[in-house]
Number of protein chains: 2
Amino acid sequence: MGRRSGSKGASTAEAVQAAARRLIAARGFAAVSMREIAAEVGVQAGTIYLYIPDKQTLLHALMREHMCALLEAWEAESALGAGEGASDALERFVRFHVGYHISRPEEVFIAYMELRNLSETNFAEIEGLRGCYEAALRAILERGMAEGCFRLPDLRLTTRAIIAMLTGVTTWYRAGGRLSAVEVADHYADLVRRMTHAATP
Amino acid sequence: MGRRSGSKGASTAEAVQAAARRLIAARGFAAVSMREIAAEVGVQAGTIYLYIPDKQTLLHALMREHMCALLEAWEAESALGAGEGASDALERFVRFHVGYHISRPEEVFIAYMELRNLSETNFAEIEGLRGCYEAALRAILERGMAEGCFRLPDLRLTTRAIIAMLTGVTTWYRAGGRLSAVEVADHYADLVRRMTHAATP
DNA sequence: AGAGTAAATGACCGGATGTTCAGTTGAAAG
DNA sequence: CTTTCAACTGAACATCCGGTCATTTACTCT
């Protein structure tokens with residue numbers, strides 16, 4: 001046997017990433033073997049190594065691409081609200097975060113659960129990207145305190161509290177469930193507003 | 001070789017659990033081998049099977065004991081505040097949850113990260129215990145709405161939002177860091193109060 | 001001192017793991 | 001039609017895995 005009919009290198013490379021994303025999100029990096037990923041693609045195990053050097057690099061690539069896409073998406077969303085006050089910026093962030101995380105449950109799951117399976121160097125890079133994202137929210141909160149519309153017990157703690165609260169949506173939200181994605185975002189925005197604002201309207 | 005001097009069965013059984021807890025919390029269930037756990041105890045791999053039937057049972061026992069201890073600790077704490085209003089009960093819950101989770105980072109990490117490595121039956125049991133704990137907070141929020149002191153966008157969503165926000169403390173809190181455990185609990189209590197109360201005082 | 005037993009060893013089983021690579025195949029280029 | 005080459009196979013490698021078990025050792029009881 002050798003090359004199969006209709007096979008293309010570029011699409012196989014993408015299929016490997018997609019299969020890895022699906023399987024790792026469902027069962028965990030350490031519990032998924034390269035042979036399982038290959039089988040999901042419909043290819044032999046050796047083929048995977050034509051597109052990635054090793055398993056660790058595969059995980060790192062998945063997480064890196066997710067974090068970069070998240071940061072780019074937020075920059076684009078943030079640009080839409082240029083010039084708006086901290087209060088509106090915060091609501092924009094909440095709706096963006098909830099919406100984005102709901103729409104990419106696999107990537108989010110991997111990014112939050114597989115950090116400890118990264119090598120030291122790779123971990124440092126992903127952690128850095130996560131820090132950038134956190135800094136974006138922190139900047140909004142900082143601005144709100146300067147503007148006088150927010151009152152927070154502690155800036156860093158509140159930043160992390162909000163992100164943890166919002167990201168938690170991925171553990172229970174299911175499309176077609178009791179609440180729509182918009183309703184969910186509405187509710188979280190409401191909670192965050194009351195948690196941060198100096199005076200409740 | 002055979003039995004080593006000074007060895008006792010009961011203490012070895014506990015040492016196996018402790019070693020498993022440490023290693024699984026640090027590197028994940030699937031990434032830790034029975035041989036590594038045995039080495040951490042200072043014993044050969046076969047010895048572990050004198051105390052547990054298999055690896056799955058070991059994970060289940062760790063999670064079960066953690067969840068039962070958590071529920072019992074909350075029942076004891078809750079009894080201390082018998083008769084108090086929903087507002088005080090909520091603050092008591094927040095302080096308890098933060099304090100308990102800070103003091104047992106390994107168990108918490110395992111309970112939240114290794115759910116997917118449980119067999120179907122074991123998962124159902126642990127998920128049931130988690131549901132009990134969630135129900136305890138939900139009952140407080142429900143009571144507060146009946147009393148008129150809380151105003152929430154959605155009961156179930158708010159319950160999960162609060163738990164996710166509070167549990168997030170385990171990802172960043174370190175003893176001896178910038179904030180003391182009491183300060184951290186103070187801040188979270190403040191955030192939750194403003195998030196839930198009908199009017200901010 | 002001798003018997004009995006609890007505690008632990010260490011070799012072993014079948015199978016899975018990440019990774020490599022010489023060889024095979026299909027399709028495009030001349 | 002022949003050459004060329006990217007794409008893929010399938011077997012092999014060394015190592016590790018969870019789990020079993022006959023055997024050995026240390027302690028206790030009589």
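Hi everyone, this is a short walk through a predicted model with two chains, A and B, and the contact between them.

Some bookkeeping before the tour. Because this is a predicted model, local features need pLDDT of at least 70 and side-chain atom pairs count only at pLDDT 80 or more, while totals for chains, interfaces and linings use all residues. Residues are numbered from 1 along each chain as its sequence is written, chains are lettered from A and ligands numbered from 1 in the order in which they are written, and side-chain values use heavy atoms, with hydrogens and water left out.

Let's start with chain A by itself. Its secondary structure comes to 9 helices and 0 strands, where helices are DSSP runs of H or I with at least four residues and strands are runs of E with at least two, numbered from the N terminus. Along the sequence, that reads α-α-α-α-α-α-α-α-α. The C-alpha atoms fill a box of roughly 70 × 40 × 30 Å along the principal axes. Chain A has 201 residues, and 45% of them count as buried; here buried means under 20% relative accessible area, exposed means over 50%, and partly exposed is in between, using a 1.4 Å probe and protein chains only. If you take contacts (heavy atoms within 4.5 Å) in chain A between residues at least 6 apart in sequence, 68% of them join residues at least 24 apart.

Now, how are the two chains related? A rotation of 180° with 0.0 Å of shift along its axis superposes chain A on chain B, with an RMSD of 0.1 Å. That is the relation of a two-fold axis. The same surface serves both copies, since 97% of the contact residues of chain A recur in chain B. For the record, the superposition is by least squares on the C-alpha atoms of residues with pLDDT of at least 70 in both copies.

On to the interface. Chain A brings 38 residues to the contact and chain B brings 37. The area buried between them is about 3,100 Å², with carbon and sulfur atoms giving 59% of that; buried area is the accessible area, with a 1.4 Å probe, that two parts lose on being put together, summed over both. Three residues to click on are A:R116, A:L157 and A:R194, which supply 25% of the area that chain A buries against chain B, more than any other three residues.

What about polar pairing? Between chain A and chain B there are 4 salt bridges, a salt bridge being a side-chain nitrogen of Lys or Arg within 4 Å of a carboxyl oxygen of Asp or Glu. One of the residues I just named takes part: A:R116 pairs with B:E114, and their closest N and O atoms are 2.9 Å apart. There are also 15 residue pairs in polar contact across the interface, both residues at pLDDT 80 or more. A polar contact is a pair of N or O atoms within 3.5 Å; within protein, one must be able to donate a hydrogen and the other to accept it, and residues adjacent in sequence count only if both atoms are side-chain atoms.

Which helices of chain A give two or more residues to the side that touches chain B? They are α1 (9-27), α6 (105-113), α8 (155-167) and α9 (181-196). The largest share, 8 residues, comes from α9(A). By class, that side has 20 nonpolar, 8 polar and 10 charged residues, where Ala, Val, Leu, Ile, Met, Phe, Trp, Tyr, Cys and Pro count as nonpolar, Asp, Glu, Lys and Arg as charged, and the others, Gly among them, as polar.

Let me zoom in on A:R194, which sits in helix α9 of chain A. At 2% relative accessibility, A:R194 counts as buried. A polar atom of its side chain lies 3.2 Å from the backbone oxygen of B:M195. Within its own chain, A:R194 forms a salt bridge with A:D190 at 3.9 Å, N to O. The two are 4 residues apart in helix α9 of chain A, so about one helical turn separates them. A:D190 is buried as well, at 16% relative accessibility.

Finally, a look at chain B, where B:R92 and B:E77 meet in a salt bridge at 2.9 Å, N to O. B:R92 lies in helix α5 (residues 86-103) and B:E77 in helix α4 (residues 55-80) of chain B, 15 residues apart. Both are partly exposed, B:R92 at 21% and B:E77 at 24%. Over all chains, the structure holds 32 salt bridges.

Thanks for listening!
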